[in-house]
Amino acid sequence: MAVPFPLAPSLWATTAPAAAATPPLDQSVAVETCIVGGGYAGLSAALRLAERGTGVVLLESREPGWGASGRNGGQVIPGVKYDPSELVAKYGPAAGEALIRFVGATADKVFDLIARHGMDVPHVRAGWIQGAHNPAMVETVKRRAGEWAERGVAVTLYDADGMAAAVGARQYLAGWQDGRAGAIHPLAYARGLVRAAQKAGAQIHGDSRVVSIVKRGEVFEVATTQGPTVTARRVIVATGGYGDGLIPGLRETVIAPNSFIAATEPLGDNIAGSILPGGQVISDTRQLLLYFRRDHTNRLLMGGRGPFREPKSADDWAHLERAAVKLFPQIKGIAFDHRWCGRVTLTRDFLPHIHEPEPGLIVDIGCMGRGVGLQTAIGEALADYAATGDKASLPFPVVPIVPLPFHALHKLYVSAIIGWYRMTDGGLKAST
Ligand SMILES: Cc1cc2nc3c(=O)[nH]c(=O)nc-3n(C[C@H](O)[C@H](O)[C@H](O)COP(=O)(O)OP(=O)(O)OC[C@H]3O[C@@H](n4cnc5c(N)ncnc54)[C@H](O)[C@@H]3O)c2cc1C
């Protein structure tokens, strides 16, 4: 089947339950807290604040979930780039263990919210597998699994045969499975958060791009393109990789490359049952990692790197489709009928950053491709901080906004780094 291009809507946009009404802000209001950005971070902050009884208005440029939150792979994976021992080494025993508890519970938060609010979100909690692509990474995944197991997490270690059985492809030398993880329909979850937040009393406005945030005495005046303003004592800015210079210097603190996903048509039962038969999600240990899963309609979704620029044609996904067929030759000839991409935000230290450039103006950025759970949990923490002023609510320290050196050249860096990793990661071998 010929695939039309450009494909504006993602698979998620064509399969999500209808969105709740989120009309533009049409008159100026005063409220305790204003949130800018309707991704997971902003929405979970809005829900938490409304549940605490704090007045909250959320302003989103497009529609809630339009950014990375409505386009991601839907893999709900706890943790961050760093292993528990690395977090303890970085932050010390007390703060390190507190952070380990926080990042270890992020997947729980997502599944708890879905259950507690009865959200209409296709989901499964069958674990996340990380596949080791070279001998050095075999040791890394064993150590990683061991560290989490010591903290009571249900982990499974696989050798090459075990991986072949779990994945349905003989590709990885070993792997580990984290039982806390799972999969969701990402846009359905964003829309579920909107409904839950509205029910709790939050006002959520789409088509309301914020153009300035100005402090006037004790309050901030948050102005939108269409004119009306929100006056608030606290402002939370959670604009992710789609922020546009609202906070001076913020965009320059991250690199925001595109991540690409291609999805097949729904697979027949025989083929679907031969791919990740246990229903887990998976990514691998390559620097330019591949991440893949089946969705609730048995499509195979293959995600990974793509060009830094916006896509120009379906060719920009061809490498992912080739990788999918190499891993699973049984899908040869089955059409990929959805292709989309979105921006992930990478900070210098691969951890989310929280800033407070003025007292009461709280800024969150940086997802490292793990934001489904992480940004949900950070949103709650930002809400607690906004409501109480207690910095102990925050999982990460508040740090100054420090632009990356030579940020203007970041597209060149990223292209060079991608070229380097492409050589050093090694390719997939044909599955047997
Ligand atoms: C293709 C892809 C695959 C991914 N896969 C996974 C995965 O499988 N698992 C995982 O954990 N994470 C994954 N991620 C990362 C995850 O999606 C993000 O970390 C998370 O969604 C970020 O949420 P957020 O709220 O910080 O930002 P976003 O969801 O990007 O939301 C920011 C919002 O702010 C709005 N905004 C920007 N400027 C303004 C303004 N001036 N005024 C008003 N609104 C504004 C934008 O329109 C946007 O909707 C993936 C990301 C991408 C792009």
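Trainee: What is the orientation of α5 and α11 to each other?
Mentor: This is a predicted model, where local features need pLDDT of at least 70, side-chain atom pairs count only at pLDDT 80 or more, and totals for chains, interfaces and linings use all residues. Residues are numbered from 1 along each chain as its sequence is written, and side-chain values use heavy atoms, leaving out hydrogens and water. Helix α5 (residues 106–116; helices are DSSP runs of H or I with at least four residues, strands E runs of at least two, numbered from the N terminus) packs on α11 at an angle of about 80°, with the axes 8 Å apart. Since 65 to 115 degrees counts as such, under 35 as roughly parallel, over 145 as roughly antiparallel and the rest as oblique, α5 and α11 are therefore roughly perpendicular.

Trainee: Which residues of α5 meet α11?
Mentor: Contact here means heavy atoms within 4.5 Å. On the α11 side, look for Val-372, Gly-373, Leu-374, Thr-376, Ala-377 and Glu-380. Their partners in α5 are Thr-106, Lys-109, Val-110 and Leu-113.

Trainee: And what is the orientation of α2 to α11?
Mentor: Helix α2 (residues 40–51) packs on helix α11 (residues 371–388) at about 45°, and their axes are 7 Å apart. That makes α2, relative to α11, oblique.

Trainee: Which α2 residues meet α11?
Mentor: In α11, the residues met by α2 include Gly-371, Val-372, Gln-375 and Thr-376. The ones in α2 are Tyr-40, Ala-41, Ser-44, Ala-45, Arg-48 and Leu-49.

Trainee: Which residues are closest to the ligand?
Mentor: Altogether, 38 residues surround the ligand, each with a heavy atom within 4 Å. The closest are Glu-60, Ser-69, Gln-75, Cys-367 and Val-372.

Trainee: What distance separates a polar backbone atom of Val-372 from an oxygen atom of the ligand?
Mentor: For company, a backbone N or O atom of Ser-61 lies 3.0 Å from a nitrogen atom of the ligand. A backbone N or O atom of Tyr-242 lies 3.5 Å from a ligand nitrogen atom. For Val-372 and the ligand oxygen, the distance is 2.9 Å.

Trainee: Where is Asn-298?
Mentor: Asn-298 is worth a look, with a positive phi of about 65° although it is not a glycine. Its place is in the loop between β16 (291–294) and β17 (300–305).

Trainee: What is the phi of Phe-350?
Mentor: You will find Phe-350 in the loop between β19 (346–347) and β20 (353–358). Although Phe-350 is not a glycine, its phi is positive, at about 60°.

Notes: Axes fitted to C-alpha atoms, helices over the stretch in contact; angles between N-to-C directions. Polar contact = N/O pair within 3.5 Å; in protein donor to acceptor, adjacent residues only side chain to side chain.
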